[in-house]
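Visitor: I am new to this structure. Please choose a single part for a close look, and then place it among the helices and contacts of the rest.

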Amino acid sequence: MKRVQYEHSPIPYLFVAPQIIIIVIFFLWPAAQAVYQSFLLEDAFGLSSQFVWFRNYSDTILSGAWLQAAWFTMIFSFLVTFLSLGLALLLAVKANEVIQGASTYKTLLMWAYAIAPPVAGLMGNLMFNPLIGDLYGFMNAVGFDFDHKLDPVDAGFVVVLISVWKQVSVNFIFFLSGLQGIPKSVQEAALMDCKSSFRRFWTITFPLLAPTTFFLMVINITYAFFETFGIIDTTTQGAPGGATTTLVFKVFQDGFRGADIGGSSAQSVVLMLLVLALTVIQFRFIEKKVHY
Amino acid sequence: MNRSSIATHLILICGALFMTLPVWVAFATSTHAPETILREGLQIWPGGHFLETYNEVLFVEGGVMKKVTATTMLKNSLILGIGFAVGKVVISMLAAYAIVYFRFRLAVPLFWIIFMTLLLPLEVRIIPSYKVVADMGMLDTHAGLIIPLIASATGTFFFRQFFRSVPDELLEAARLDGATSWGFFIDILVPLSKTMIAAILIIMFVVGWNQYLWPLIMTTKEENYTLVIGIKQIYQVLNEGGELPQFQKAFALTILATLPPVLVVLIFQNWFVKGLVESEK
């Protein structure tokens, strides 16, 4: 808190008003609507609705399709988070080591941050297009019976690959800035005590990066849940047979295409709870700072 | 060079290729004739149809969409990117200023309301949000596209943090000189925050330009498409099939949608990294 502040007056309310008005109209009100609608069942024409308690929840969430999407989202998030963090960490450590060409590498590794997920999705989609895509031909040439239009695992592979590609640069930027924040004295002391660069990394550098890694894990899980919508929508669209449908894609699909407002709202509310959990975890740990 | 430094460079070169090659291939392929692409697949070297393809995509009606050109979509993307960035900065600076510099009764509850936006990403309230905007008659308008997106908890926290680090003496001095609260904000705080503002503007321009889900449901008329939404349309056209698939145009569109935000990131690289790392903390 500031020692010196302006005293009571209506002025501060004017300053926060734009932000608060937007939040109330476009955040709180719609969110409340979603919660409200999740308890309603509308008839096919949207003319009348009926309060049905938790039936939308039990109907959608216990349905096979939702459970399949939840399961896929879990595996997908795990793979995307793990692979993009791992790759970014490797590249950041190496980029932090080199002297020659360091800034060129840095630029080449981070610029893809600017590419939108759906743009990455379409590029990947074209490259895996059986008509022209050499990646499709390559996968088959090296012996996979590859068909991402029919095979769920292959479709998952394409979506994971594009999502990881898109996310490496953000993670790289944060890891590199985390590495550069490690004091020179610590690094030199470690260098004297321990010859093996591999052990030095796991005993000194990695623990010091723990706060960054933890923060990035939350960011990446959020990304895999929400922002990959653009990638799914421009590649598999959840096919084949819902095998690559994420929970967010399903909310969109059921709400806009299927016009199942109640069911879609119930799914939204479940996602809200999930975001709440992620945020609580994030703030808990950031306050304590992850330390070994 | 010893062996381990060669390995280091090798890893970095592979990483750089992994990140860069797909976009390069997309560009190179976009400069070939559709027949060549169909016959030979993706291209690694640029071909001779650069002007032809990009001219048609950018300036000829019916080149990519039915009616609009990529130039119109480029304009819409710019409006969205700039409006989004400027809107976020203005609104979060004002809110942060009120929270840090004023003592008022509702400060704490209002702070928590702003915080709650973190819990409500667009994806979890998408249908009711769409309804609100539709009821207000703001579908297919720039205002409807931009305003619902500009509330920002991260932006507000970022400026709040920064304003707290500004010495108290400045406000005391300004008050002795008779500055009003608005005057202090505009004449002293805003100029002090210049670098912060620039960093956030750059990040938010990129984020705004890349918005997908909201413009996707908000825009129904072709003349309101952004480039990123055009991507979706191209995807649908390609999927429908038809005569000769215009892959070169699809690639050209991905390049056009990528170029402006990439340029911004490359030109303002240092500010961008600073803004990204500090605003997310």
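Guide: A helix is here a DSSP run of H or I of at least four residues, a strand is a run of E of at least two, and both are numbered from the N terminus. The model is a predicted one, in which local features need pLDDT of at least 70, side-chain atom pairs count only at pLDDT 80 or more, and totals for chains, interfaces and linings use all residues. Residues are numbered from 1 along each chain as its sequence is written, while chains are lettered from A and ligands numbered from 1 in the order in which they are written.

The part chosen is G121(A), which lies in helix α5 (residues 117-127) of chain A. G121(A) is buried, with 29 other C-beta atoms within 10 Å. The term has fixed limits: a residue is buried if 20 or more other C-beta atoms lie within 10 Å of its own, exposed if 12 or fewer, and partly exposed in between, with C-beta atoms placed from the backbone. Residues up to four places away in sequence left aside, G121(A) touches I162(A), G230(A), I231(A), T234(A) and T235(A). Such a contact requires the C-beta atoms of two residues, placed from the backbone, to lie within 7 Å. By contrast with these partners, I132(A) stands eleven residues from G121(A) in sequence and 16 Å away in space, C-alpha to C-alpha.

One of these partners, I162(A), leads to a helix pair. I162(A) falls in helix α7 (residues 152-180) of chain A, which packs with helix α10 (residues 210-227) of chain A at an angle of about 160°, the axes being 11 Å apart. α7(A) is therefore roughly antiparallel to α10(A). Axes are lines fitted to C-alpha atoms, for helices over the stretch in contact, and angles run from 0 to 180 degrees between N-to-C directions. Angles under 35 degrees count as roughly parallel, over 145 as roughly antiparallel, 65 to 115 as roughly perpendicular, and the rest as oblique. The crossing of α7(A) past α10(A) is right-handed; the near helix is then turned clockwise from the far one by less than a right angle, and anticlockwise in a left-handed crossing. From α7(A), S163(A), Q167(A), N171(A), F174(A), F175(A) and G178(A) take part, and from α10(A), T212(A), L216(A), N220(A), Y223(A) and A224(A). The residues of this contact comprise five nonpolar, six polar and no charged. In this count Ala, Val, Leu, Ile, Met, Phe, Trp, Tyr, Cys and Pro are nonpolar, Asp, Glu, Lys and Arg are charged, and the others, Gly among them, are polar.

The partner T234(A) closes helix α11 (229-234) of chain A, and the loop between α11 and α12 (247-257) of that chain holds Q237(A). Q237(A) has a phi near 55°, a positive value in a residue other than glycine. Q237(A) is partly exposed, with 15 other C-beta atoms within 10 Å.

Next comes the nonpolar core, meaning a set of buried Ala, Val, Leu, Ile, Met, Phe, Trp, Tyr and Cys residues joined through C-beta atoms within 7 Å. The largest such core has 158 residues, and F172(A), I231(B) and L253(B) touch the most other members. Helix α4 (residues 70-101) of chain B contributes the most to this core, with 15 residues. F172(A) touches A88(A), L91(A), A92(A), L109(A) and M110(A), residues up to four places away in sequence not being counted.

The two chains also meet. In contact are 75 residues of chain B and 76 residues of chain A. On the side of chain B that touches chain A, 55 residues are nonpolar, 14 polar and six charged.

Chain B has 15 helices and zero strands, and 46% of its 281 residues count as buried. Within chain B, the axes of α4(B) and helix α11 (residues 194-209) come within 8 Å and cross at roughly 140°. α4(B) and α11(B) are therefore oblique to each other, and their crossing is right-handed. A second pair in chain B is helix α1 (residues 3-30) and helix α14 (residues 247-267), whose axes come within 8 Å and cross at roughly 130°. α1(B) and α14(B) are likewise oblique to each other, but their crossing is left-handed.
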